[in-house]
Amino acid sequence: MSLERNLIELERFCAKAWRVYAQEDPLAHLSFNEYDYLKVIQASSEPIRLTDLAIEMKVTKPSATTMVQRLERKGLVERKASLEDARSKLVVLTSKAEVGLEEESKIYQVMAQILESRLSEQESQQLNLLLNKALQ
C-alpha cells in the first residue's frame with residue numbers, strides 16, 4: 001500500500017477510535033485551528049507571549065490576537081501582563097482547557113495501545129523512531 005493510502009487509513013483509524021472511546025469530547029466544538037492554538041499553548045513550557053504564539057502558528061500577530069480573543073470568550077485561555085515587558089501579553093490555558101486536553105489525551109493513549117498490541121516491541125519502537133524522524 002502507498003504512503004498516501006496508509007495515511008488515509010491512519011486517519012480513519014483515528015476517527016473510529018474517537019467515535020468509540022470518546023465519551024463526551026469537551027473540545028469537540030472547536031475548529032481545527034482553535035484546537036491547534038490550544039495545543040501550541042499547551043506545549044509551551046511557560047506562558048507564551050502573543051508574539052511567539054503568532055510565530056509558532058505562522059500567522060500575523062493580529063490574526064493570533066483575534067484567535068486568542070475567541071478562545072478567551074470560550075473560557076479556554078487567559079491573557080496576562082508580562083512582568084518583564086509591560087507591552088507584552090502572555091497567553092495561558094484555563095483549567096477548563098487543561099481538563100479538556102487531558103481527557104483527549106486518553107484517546108491517544110488508547111490508540112497507541114491498540115497499535116502496540118498489533119506490533120512487536122521492535123516494530124513499535126521502529127514506528128515511533130520513524131514517526132519522530134518524519135515529523136521533525
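A residue counts as buried when its relative accessible area is under 20%, and as exposed when that area is over 50%. These cut-offs are applied below to a predicted model.

The chain holds 6 helices and 3 strands. Read along the sequence, the elements follow the pattern α-α-β-α-α-β-β-α-α. The C-alpha trace spans about 55 × 30 × 25 Å along its principal axes. Of the 136 residues, 27% count as buried. The chain exposes about 9800 Å². Carbon and sulfur atoms supply 52% of that area. Contacts between residues at least 6 apart in sequence were also examined; 50% of them join residues at least 24 apart. Charged side chains number 19 positive and 21 negative. The centres of these two sets lie 5 Å apart.

The strands come next. The 3 strands form an open sheet in the order β1-β3-β2, with antiparallel pairing. β1 and β2 are the edge strands, and each pairs on one side only. The pairing of β1 with β3 is antiparallel and runs over 2 bridges. In this pair, R49 stands opposite L90 of β3. Strand β2, residues 77-81, also pairs with β3 in the antiparallel sense, over 5 bridges. Two positions illustrate the register of β2 on β3. V77 has L93 of β3 as its bridge partner, and R79 stands opposite V91 of β3. β3 itself is mostly covered, with 4 of its 5 residues buried.

Helix α3 covers residues 50-57. Its buried residues are L50, L53, A54 and M57. These residues lie on the same side of α3, because they cover an arc of only 100° around the axis. I55 and E56 are on the other side of α3, and both are exposed. The helix thus shows a buried side, with L50, L53, A54 and M57, and an opposite side where I55 and E56 are exposed.

What do the buried residues of α3 pack against? Their partners are two helices and two strands: α2 (32-43), α4 (61-73), β1 (48-49) and β3 (89-93). Two of these partners, β1 and β3, are themselves paired in the antiparallel sense. The buried residues of α3 therefore lie on one side of the helix, and they pack against the central strand of the order β1-β3-β2 as well as against β1. Just after α3, K58 takes a positive phi of about 60°.

Helix α5 comprises residues 95-118 and contains Y108. Is Y108 buried, partly exposed or exposed? Its relative accessibility is 40%, so Y108 counts as partly exposed. That value falls between the 20% limit for buried and the 50% limit for exposed. Leaving aside residues up to four places away in sequence, Y108 touches W18 and Y35. Y35 falls within the residue range of α2 (32-43), the helix against which buried residues of α3 also pack. Y108 and M67 are 41 residues apart in sequence. In space, 25 Å separates Y108 from M67, C-alpha to C-alpha. M67 belongs to the range of α4 (61-73), another of the packing partners of α3.

Definitions and conventions. Residues numbered from 1 in each chain as written. Predicted model: local features only at pLDDT ≥ 70, side-chain atom pairs only at ≥ 80, totals over all residues. Heavy atoms only, no water. Buried < 20%, exposed > 50% of the residue type's maximum accessible area, 1.4 Å probe, protein only. Contact = heavy atoms within 4.5 Å. Arc of directions from axis to C-beta. Areas by Shrake-Rupley, 256 points an atom, 1.4 Å probe, with all protein chains shown as cover. Lys, Arg positive; Asp, Glu negative; His and termini not counted. Charge placed at Lys NZ, Arg CZ, Asp CG, Glu CD. Pairing = 2+ DSSP bridges.
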